[in-house]
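Reader: I am new to this structure. Please take me closely through one part, the packing of the helices and the pocket beside them.

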Amino acid sequence: MPIKSDREAIDQSAVGSGRKPLYHSGMHATVLELGADGKSRSQIARELGVSRKSLYEWIKNYPDFREAMEAANDLALAWWEDQGQKGVWSGRDFNAQCFSWQMKNRFPNDYKDKHEISGDPERPLVARIVRTIVDPGAGANGAVHGG
């Protein structure tokens with residue numbers, strides 16, 4: 001008898017019955033496999049046949065599922081980093097801006113623009129813009145002009 005995937009088992013047990021699929025630890029392998037393919041939490045929820053809300057409830061209520069989702073996120077991060085490296089070095093068209101946006105939004109703890117604001121909270125914030133121009137014709141010790 002062939003082994004059914006989580007998705008097939010979920011489809012047969014829950015779809016059309018009006019009830020949500022029940023969490024079970026057998027889903028961990030599917031979660032990890034999807035993470036290794038770079039899939040998002042929304043895509044993982046879809047493959048498990050549940051809403052994102054249910055997925056987040058499982059993360060909250062089942063520590064072993066939370067660990068599987070954290071591992072899947074690490075695997076997805078590695079997958080996306082591999083794609084970025086392939087894109088940069090492939091010599092073909094690579095949309096670095098789109099890739100950067102994807103990384104900053106999917107993995108904000110690892111990739112983000114750094115913004116620091118400091119000062120007296122009782123006084124208005126004053127912004128200072130500094131423009132630096134590097135003279136590319138000046139060689140390795142290029143002249144730098146600030147202003």
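Author: What follows covers three helix pairs and then the largest pocket.

This is a predicted model, in which local features need pLDDT of at least 70, side-chain atom pairs count only at pLDDT 80 or more, and totals for chains, interfaces and linings use all residues. Residues are numbered from 1 along each chain as its sequence is written, and side-chain values use heavy atoms, with hydrogens and water left out.

Two packed helices are described by the angle between their axes and the distance between the axes. Axes are lines fitted to C-alpha atoms, for helices over the stretch in contact, and angles run from 0 to 180 degrees between N-to-C directions. Helices (H or I, at least four residues) are DSSP runs, numbered from the N terminus.

Start with helix H2 (residues 27-36) and H3. Their axes lie 10 Å apart, at an angle of about 140 degrees. That makes H2 oblique to H3; angles under 35 degrees count as roughly parallel, over 145 as roughly antiparallel, 65 to 115 as roughly perpendicular and the rest as oblique. The crossing is right-handed, a term for the near helix being turned clockwise from the far one by less than a right angle, with anticlockwise giving left-handed. Met27, Thr30, Val31 and Leu34 of H2 touch Ile44, Glu47 and Leu48 of H3. Contact means heavy atoms within 4.5 Å.

H3 also packs on H4. Here the angle is about 95 degrees and the axes are 9 Å apart. H3 and H4 are therefore roughly perpendicular. From H3 come Arg41, Ser42, Ile44, Ala45 and Leu48; from H4 come Arg52, Leu55, Tyr56, Trp58 and Ile59. This contact has seven nonpolar, one polar and two charged residues. Ala, Val, Leu, Ile, Met, Phe, Trp, Tyr, Cys and Pro count as nonpolar, Asp, Glu, Lys and Arg as charged, and the others, Gly among them, as polar.

Next come helix H5 (residues 63-89) and helix H6 (residues 96-106). They pack at about 165 degrees, axes 11 Å apart. That makes H5 roughly antiparallel to H6. Their crossing is left-handed. Ala76, Leu77, Trp80, Glu81 and Gly84 of H5 meet Phe99, Gln102, Met103 and Arg106 of H6.

Now the largest pocket. Its lining has 14 residues, and Lys39, Ser40, Arg41, Asn73 and Arg106 lie nearest its centre. Helix H3 (41-48), helix H4 (52-61) and H5 each give two or more residues to the lining. H5 gives the most, with five. The lining divides into six nonpolar, three polar and five charged residues.

Conventions: On a 1 Å grid over the protein atoms alone, a cavity is a set of points where a 1.4 Å probe fits but cannot get out, and a pocket is an open set with protein on both sides within 12 Å along at least five of seven lines; lining residues have an atom within 4 Å of a point.
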